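Let's take a walk through a protein model together, one stop at a time. Keep the sequence and the 3D view side by side as you read.

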Amino acid sequence: MSYIAKSPWVIHYDGSSCNGCDIEVLACLTPMYDVERFGIINTGNPKHADVFLVTGSVNEQNKDVVKQIYEQMPEPKVVVAVGICACSAGIFKQCYNIMGGVDSVIPVDVYVPGCAARPEAIIDGVVKGLAVLQEKRDNMKKLGISEEKTEEGGEN
Amino acid sequence: MGKKTIIPFGPQHPVLPEPVHIDLVVEDETVVEAIPSIGFIHRGLEKLVEKRDYTQMVYVIERICGICSFGHGWGAASAIEGAMNVKVPERAEYLRTILHELSRLHSHLLWLGLLADAFGFESLFMHCWRIRETILDILEKTTGGRVIFSICKVGGLRKDIDNETLREISETLEGIKAELKDITTVFIEDDSVKNRLCGVGVLSKEDAIELCAVGPVARGSGVGQDMRMTDNHGVYKDLDFEPVVEEAGDCYARCKVRIGEVFQSIELIKKAVDKIPDGPVDVPVKGNVEGEYMVRLEQPRGEAYYYAKGAGTKFLQRMRVRTPTNMNIPALVKILQGCDLADVPMMVLTIDPCISCTER
């Protein structure tokens, strides 16, 4: 964990999940699992977030919302698909209003399977995501892009 | 009078764990109209009856909602059992009642935490969820799942819970009572909490009846309606059940109803553990569903309705679910009219919205 340069903030959006994974994401923030010890805070603002936790699959109505939140987040950013619905639509795969996993709309970096995904698995997924985040940050440095600049660019 | 402005609330909002969109038409700081729009989580799972047979359908219906998942599984299973004339053993009914009440406990504690978070009392939120983990540990120990259990099946339960574990559950619940008392006292007596809740979002008894409000929303407005009083599901008739009713109809009353139900659920579980008979927990089910059946049961959020219809094949013709939040949205729209903009999150939360249930 020594590679974490700053506190990663997460934003959570419920695609079309059954709530099971959402309450497990919230359970991660509470005293039993307490991800705040890693500096992780749940924020409501996409512009403050580094990690995007999506639960549930996407449909026609919410695909624009998912895309918007993703586009509003500053670079570098990581997307974690929480739960089997977010990975591949799971039990609802054959429903008429399901487009598929989150990766049919935005690029996903880490997949956390499970129905519902356990808090341990979600924490594990986020920690994996942090490694990806650091990698992306290093790549940006190599290319000579400063984070502050892209954040400003993101807001325009 | 100021100019009318529309403020969008949701679908992604810090106070909402789930997406619902409400257009709030405000004049100065007062909401004059609230226009809800839903459909962000619609999956269309009732249509899956064409692709999943009736035994699998129980697990699909269970995944309507992760908070009241056991109740949904139970409702679907008993609708199918009713259509097939299957009599579930008494021990299974007792265990289902116990698991349903445990679900209610965890749902209400979750809600109390979210309410505390909505009025900015973060440490109270953390304490509610800390106690909730005790209930989740019990559920995990007995069913294997924390939020989705898949323990209910057509004909009974997938596995038994032995009497020793049941006694342990009863003792654990007795043990957390003191802690619960400490926390709920804050909700009931703390001045800053009362200032946010008392007199906010008043729903009169007449409106509650007129708008078909269900569950704690109706009971908070003085309508003593609870499906557990009827004897069509579970063993509530053996447990001397009395609904918790408050008269005021504001957010504070709805909060008090749910706090009352937390303690009531503990008592119900303890009584059920004392009275549970020995015996099998499932009966073999053969054949296909022929005919139709309707079941109503009391979810943590209110009355839910399950309808199953089959025509002698292994696939059902129709599975219909009507969920409690669906019925409470008209009441929400009513209480939002004329309220302060700052109170909107509080009112949205006190109907305990479960959007996954509403849209399915």
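A good place to begin is confidence: chain B averages a pLDDT of 85, and 98% of its residues score at least 70. Here pLDDT is the predictor's confidence in each residue, on a scale from 0 to 100. For the complex, the predictor gives an ipTM of 0.79 and a pTM of 0.87. Where pLDDT is low, the predicted coordinates should not be read in detail. This is a predicted model, in which local features need pLDDT of at least 70 and side-chain atom pairs count only at pLDDT 80 or more, while totals for chains, interfaces and linings use all residues. Residues are numbered from 1 along each chain as its sequence is written, and chains are lettered from A and ligands numbered from 1 in the order in which they are written.

Now to some positions that come from a record. UniProt, in an unreviewed entry, annotates B:E46 and B:V321 as "binding site". The two are spread over 276 residues of sequence, yet they cluster in space, with a largest C-alpha distance of 7.9 Å. UniProt positions are given in the numbering used here, feature names are shortened, and annotations may be inferred rather than shown by experiment.

Where in chain B does B:E46 sit? Its place is in the loop between strand 3 (30-37) and helix 1 (54-62). Helices (H or I, at least four residues) and strands (E, at least two) are DSSP runs, numbered from the N terminus. B:V321, for its part, belongs to strand 8 (residues 316-322) of chain B.

Is B:V321 buried or exposed? B:V321 counts as buried because it has 21 C-beta neighbours inside 10 Å. The rule is that a residue is buried if 20 or more other C-beta atoms lie within 10 Å of its own, exposed if 12 or fewer, and partly exposed in between, with C-beta atoms placed from the backbone. B:E46 has 19 other C-beta atoms within 10 Å, so it is partly exposed.

Contacts fill in the picture; two residues are in contact if their C-beta atoms, placed from the backbone, lie within 7 Å. Not counting residues up to four places away in sequence, B:E46 touches B:M319, B:R320, B:V321 and B:R360. With that same exclusion, the residues that B:V321 touches include B:E46, B:I61, B:Y306 and B:R360.

Stay with strand 8 for a moment. Strand 7 (residues 302-311) of chain B is joined to strand 8 by six bridges, and the two run antiparallel. Strands pair if DSSP finds at least two bridges between them. One bridge partner to look for is B:V321 in strand 8, which is matched with B:Y306. The hairpin formed by strands 7 and 8 of chain B has four residues between the strands, and there B:G312 takes a positive phi near 85°. B:Y305 lies in strand 7 of chain B and counts as partly exposed because it has 19 C-beta neighbours inside 10 Å.

A second "binding site" feature, again from an unreviewed UniProt entry, is placed at B:C68 and B:C357. These residues are spread over 290 residues of sequence but cluster in space, the largest C-alpha distance being 9.0 Å. B:C68 is found in the loop between helix 1 and helix 2 (69-84) of chain B, whereas B:C357 is in helix 12 (residues 355-359) of chain B. B:C68 is buried because 27 other C-beta atoms lie within 10 Å. B:C357 has 26 C-beta neighbours inside 10 Å, so it counts as buried. Leaving aside neighbours within four places in sequence, B:C357 is in contact with B:I64, B:C65, B:T323, B:P324 and B:T325.

Our last stop is a pair of helices. Helix 5 (residues 163-189) of chain B has 27 residues and should span 39 Å at 1.5 Å a residue; its end C-alpha atoms are 38 Å apart, which agrees. The expected span is 1.5 Å times one less than the number of residues. Helix 5 of chain B bends by about 35° at B:K177, where the bend is the angle between axes fitted to the seven residues ending there and the seven starting there. Its buried residues include B:L166, B:L173 and B:F187. Among the elements covering the buried residues of helix 5 is helix 9 (251-275) of chain B. Of the 25 residues of helix 9, 18 are buried, so this helix is largely enclosed by the rest of the structure.
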